[in-house]
Amino acid sequence: YLKSMYQSRGIYLNAKVAFCIHNIAYQGRFTFSDFSLLNPPDEYKSSFDFIDGYEKPVKGRKINWMKAGILESQKVVTVSPHYAQELVSGIDKGVELDNVLRKTCITGIVNGMDIQEWNPATDKYTDVKYDITTVMDAKPLLKEALQAAVGLPVDRKIPLIGFIGRLEEQEGSDILVAAIHKFIGLDVQIIVLETGKKEFEQEIEQLEELYPNKAKGVAKFNVPLAHMITAGADFMLVPSRFEPCGLIQLHAMRYGT
């Protein structure tokens, strides 16, 4: 749109576009007949044109928003150097856009977090503030507060595992559920803060029914609880099948978890 609607009229002539890929799996593939609804000139059809082996949303020729974004941008970046390498390593990791990315080149820039919001020394959602010099004293107190808040038995000696994320295949939700059944018999507790597919939400609810004193699931977006889990858990579980550069592990390291 910058090229076809503005620069073609002499507007924003010096403007450049950087296209950032967070997750290559979400490309925006639609039936090719939808191209006319986008209203760009026909000269851009080739940038959108895409054929894959899937029958959804339609079999055969499609438009691909991400492909067009890659080809029509001056710079393509993603959220970590390692993920940039993955995307050009093959058809599976690049989800059929690896060849396009190899031609245009892609640069990985490590994802970042809001260090003002995610700061254990000033966190407004936790009762105990701490830094690197007081973390060992603060963490047990925060664990007890977290256990009490979600209704688990309060015991600072029990290892407490946290999971924060979407219940999707990419996030390894099925791996998570299967793993909980295996390790929950140990002296351990787990808190799952998630939203996503109903089938996975139901499985988490069943775990809570099976292990009421060991597992708790909260199926809603809850910022205060996310901060409490990050600060109070001993371990943060990240079972993702692939992870471009999620913020969960960055938050956990920031909080000494």
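## Salt bridges

Counting a side-chain nitrogen of Lys or Arg within 4 Å of a carboxyl oxygen of Asp or Glu as a salt bridge, we arrive at nine salt bridges. This is a predicted model, in which local features need pLDDT of at least 70 and side-chain atom pairs count only at pLDDT 80 or more, while totals for chains, interfaces and linings use all residues. Residues are numbered from 1 along each chain as its sequence is written, and side-chain values use heavy atoms, with hydrogens and water left out.

One pair to look at joins Arg102 and Asp98, where the closest N and O atoms are 2.8 Å apart. The two are separated by about one helical turn because they sit four residues apart in helix H6 (residues 98-104).

## Two domains and their interface

The domain assignment, which is automatic or from a database, gives domain 1 (1-108) and domain 2 (134-255). Taken over C-alpha atoms, their centres are 36 Å apart.

Where do they meet? Seven residues of domain 1 are in contact (heavy atoms within 4.5 Å) with five residues of domain 2. About 540 Å² is buried between the two domains, with 57% coming from carbon and sulfur atoms; this is the accessible area (1.4 Å probe) lost on putting the two parts together, summed over both. On the side of domain 1 that touches domain 2 there are four nonpolar, three polar and no charged residues. Zero salt bridges are found across this interface.

## The annotated region

An unreviewed UniProt entry lists residues 1-103 as "domain: Starch synthase catalytic", an annotation that may be inferred rather than shown by experiment.

Note on methods
Ala, Val, Leu, Ile, Met, Phe, Trp, Tyr, Cys and Pro count as nonpolar, Asp, Glu, Lys and Arg as charged, and the others, Gly among them, as polar.
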